[in-house]
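These are notes for a first reading of the model. Please keep the sequence and the 3D view open and check each point against them.

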Amino acid sequence: QVQLVESGGGLVQPGGSLRLSCVASGFTFRIYTMSWYRQAPGKERELVATIGPTGSINYAASVKGRFTISRDNAKNTMYLQMNSLKPEETAVYYCFRPIGTYWGQGTQVTVSS
């Protein structure tokens with residue numbers, strides 16, 4: 001069965017960096033578009049970034065220039081490098097496969113001094 005497992009969240013100071021990972025299993029990872037979403041307390045889940053099977057990338061305007069999405073198909077893993085983090089980016093970050101609508105369990109990112 002399809003499984004998506006995120007890791008790498010934690011507490012970071014404003015301006016700091018974190019790298020999230022999403023390990024996929026149960027499907028042929030390399031042929032699927034994958035995304036990162038986030039959901040802040042009291043807010044709707046929002047798209048952060050998407051990467052296609054051939055490496056095409058799109059970012060939300062709010063993270064462009066600070067976040068980098070990437071994938072390693074040999075490791076069935078997607079990454080999200082987050083730099084210059086802001087307190088308002090405190091959220092649960094989710095790995096998502098659009099086709100079939102599969103979500104990971106999420107990893108908490110807290111940006112606070």
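**Notes on the chain**

1. Ser-113 is exposed, with a relative accessible area of 82%; buried means under 20% relative accessible area, exposed over 50%, and partly exposed in between, with a 1.4 Å probe and protein chains only. Ser-113 sits in the segment after β11. Its C-alpha is 6.5 Å from that of Pro-14, although the two residues are 99 apart in sequence.

2. A word on the source. This is a predicted model, in which local features need pLDDT of at least 70 and side-chain atom pairs count only at pLDDT 80 or more, while totals for chains, interfaces and linings use all residues. Residues are numbered from 1 along each chain as its sequence is written, and side-chain values use heavy atoms, with hydrogens and water left out.

3. What secondary structure does the protein chain have? There are 11 strands and zero helices. Both kinds of element are DSSP runs numbered from the N terminus: helices are H or I with at least four residues, strands are E with at least two.

4. On overall form, the C-alpha trace spans about 40 × 25 × 25 Å along its principal axes. The radius of gyration is 13 Å, which agrees with the value near 13 Å for a compact globule of 113 residues. That radius is taken over C-alpha atoms, and the globule rule is 2.2 Å times the number of residues to the power 0.38.

5. Of the 113 residues, 43% count as buried. The chain exposes about 5900 Å², and carbon and sulfur atoms supply 48% of this; accessible areas come from the Shrake-Rupley method with a 1.4 Å probe, and for residues only the protein chains shown count as cover. Among contacts between residues at least 6 apart in sequence, 53% join residues at least 24 apart, where a contact means heavy atoms within 4.5 Å.

6. The charge count is 11 positive and 6 negative side chains, and the centres of the two sets lie 7 Å apart. Lys and Arg count as positive, Asp and Glu as negative, and His and the chain ends are not counted. Each charge is placed at NZ of Lys, CZ of Arg, CG of Asp or CD of Glu.

7. Now the strand that precedes Ser-113. Strand β11 covers residues 107-111; Thr-107, Val-109 and Val-111 make up its covered face, and Gln-108 and Thr-110 the uncovered one. In a regular strand the side chains alternate between the two faces of the sheet.

8. Which strands pair with β11? Strand β2 (residues 10-12) runs parallel to β11 and is joined to it by three bridges; two strands pair if DSSP finds at least two bridges between them. The bridge partner of Val-12 is Val-111 in β11. Strand β9 (residues 91-97) pairs with β11 in the antiparallel sense, also over three bridges, and Ala-91 stands opposite Val-109.

9. Strand β9 also pairs with β4, antiparallel, over five bridges. One facing pair there is Gln-39 and Val-92. Is strand β4 (residues 34-39) mostly covered or mostly uncovered? Five of its six residues are buried, so it is mostly covered.

10. Strand β4 has β5 (residues 46-51) as an antiparallel partner, with five bridges. Ser-35 is bridged to Thr-50 in β5. The two strands form a hairpin with six residues between them, and Gly-42 in the turn has a positive phi of about 75°.

11. The loop between β9 and β10 (102-103) holds Ile-99. Ile-99 counts as exposed at 55% relative accessibility. Its C-alpha is separated by 7.9 Å from that of Thr-33, 66 residues away along the chain. Thr-101 lies in this loop as well and has a positive phi of about 55° although it is not a glycine.

12. Strand β7 shows alternation: Phe-67, Ile-69 and Arg-71 point to one face and are buried, whereas Thr-68, Ser-70 and Asp-72 point to the other and are not. Please look at Arg-71, one of the buried residues. Strands β7 and β8 pair in the antiparallel sense over six bridges, with Thr-68 bridged to Gln-81.

13. Strands β7 and β8 form a hairpin with four residues between them. Asn-76 lies in the loop between β7 (67-72) and β8 (77-82) and has a positive phi of about 50° although it is not a glycine. At a relative accessible area of 28%, Asn-76 is partly exposed.
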